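Good morning, colleagues. Please take a moment to look at the sequence and the structure on the screen before I begin.

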Amino acid sequence: MKLLKRIFNQKIVVQLRNLIGFRSLKFFLPENKNISISDTFIWRNDNDFKTIIRFSDILKNFYRVSNTKIEILFYDNNNNKIKELIIERPEPTNEIIINQSYFNGFTGVGIFYIFHNIQNEFEFKERVAISNRCYVGYSKKGQNPSFVHGNYLAKFKDLDSDHYKNNIIQKSFIKKKKYQIQCDFSDFNDVELIFTNPISSKINFIVNKTRYNLEGGCLKVISLTNYKKPIITILSNLLFFRPIIFTYKDKFYDVYHS
């Protein structure tokens, strides 16, 4: 039975299952390695926003590992790396604020990933897969920030290496998946849907009958001004494709998952 399960969950078999729509698997990760996994997190310092990133040293806090290291990779919306931050021996809890001067004057909306490293040999008693679902807050014009955690798993690496891999979320090659956001949008002045592509290939998707595409690793902001319909519907071949949502009503704004 274990052998059958192992064969059934091999990557090529998973891709075949997703191709024909038989017991589709949304996520795929290696089973025999100690890895650090990162979501796609969104940073923004445009339009009077600043981003607050709060994260912990999971290896130190939960596994009592010393000499740890945290890496944060920042990209613009077109998947160009703009900053690599390496924190050696981080504090148990940490905070970074991204304002208009953080990237030497570069402003916009982009993606970042966070990974954990071990700087010396350490033997785990069992397989470890660490996912830092750190909280990210967005403050506009100095107001109290609205916090969300990571959106979906995107990249991973071995704990003792610097080689990053992606394509955790899988695609369906025949049938588009319908994703309907559970919120009534009819009372907002403005809505921003921020999509990130967590895989290496281009995604084609539809938002309310309008077609879009998004290259691998890139980000797209879709603005719906004075959108008076209650429902937003997304169609995509990606099996788990949801945006981070910014909603605006007069001076009030909020940020949340779809």
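**Salt bridges and a small sheet region**

Let me begin with R54, which counts as partly exposed because its relative accessibility is 42%; by definition, buried means under 20% relative accessible area, exposed means over 50%, and partly exposed lies in between, with a 1.4 Å probe and protein chains only. I should say at once that this is a predicted model, in which local features need pLDDT of at least 70 and side-chain atom pairs count only at pLDDT 80 or more, while totals for chains, interfaces and linings use all residues. Residues are numbered from 1 along each chain as its sequence is written, and side-chain values use heavy atoms, with hydrogens and water left out.

The side chain of R54 forms a salt bridge with that of E95, at 2.7 Å from N to O. A salt bridge here is a side-chain nitrogen of Lys or Arg within 4 Å of a carboxyl oxygen of Asp or Glu. R54 belongs to strand β3 (residues 49-56) and E95 to strand β6 (residues 93-98), so this pair links distant parts of the chain, 41 residues apart; strands are DSSP runs of E, at least two residues long, numbered from the N terminus. E95 is partly exposed as well, with a relative accessible area of 46%.

How many salt bridges does this rule give? The count comes to 7. Another of them joins R133 and D39, at 2.8 Å from N to O. Since R133 lies in the loop between β8 and β9 (135-140) and D39 in strand β1, the pair ties together parts that are 94 residues apart in sequence. Is each partner buried or exposed? R133 is partly exposed at 34% relative accessibility, whereas D39 is buried at 0%.

K60 and D57 also meet through their side chains, at 3.9 Å from N to O. K60 is partly exposed, at 26% relative accessibility, and D57 is buried, at 0%. In addition, salt bridges link R44, D46 and E192 in a network.

I turn now to the sheet that contains β1. This open sheet has 3 strands in the order β8-β1-β11, with mixed pairing; two strands pair if DSSP finds at least two bridges between them. β8 (129-131) and β11 (153-158) stand at the edges with a single partner strand each, so one side of each has no neighbour in the sheet. Strand β1 (residues 35-39) pairs with β11 in the antiparallel sense over 5 bridges. Within this pairing, S38 has K155 of β11 as its bridge partner.

Notes: Helix = DSSP H or I, 4+ residues; strand = E, 2+ residues; numbered from the N terminus.
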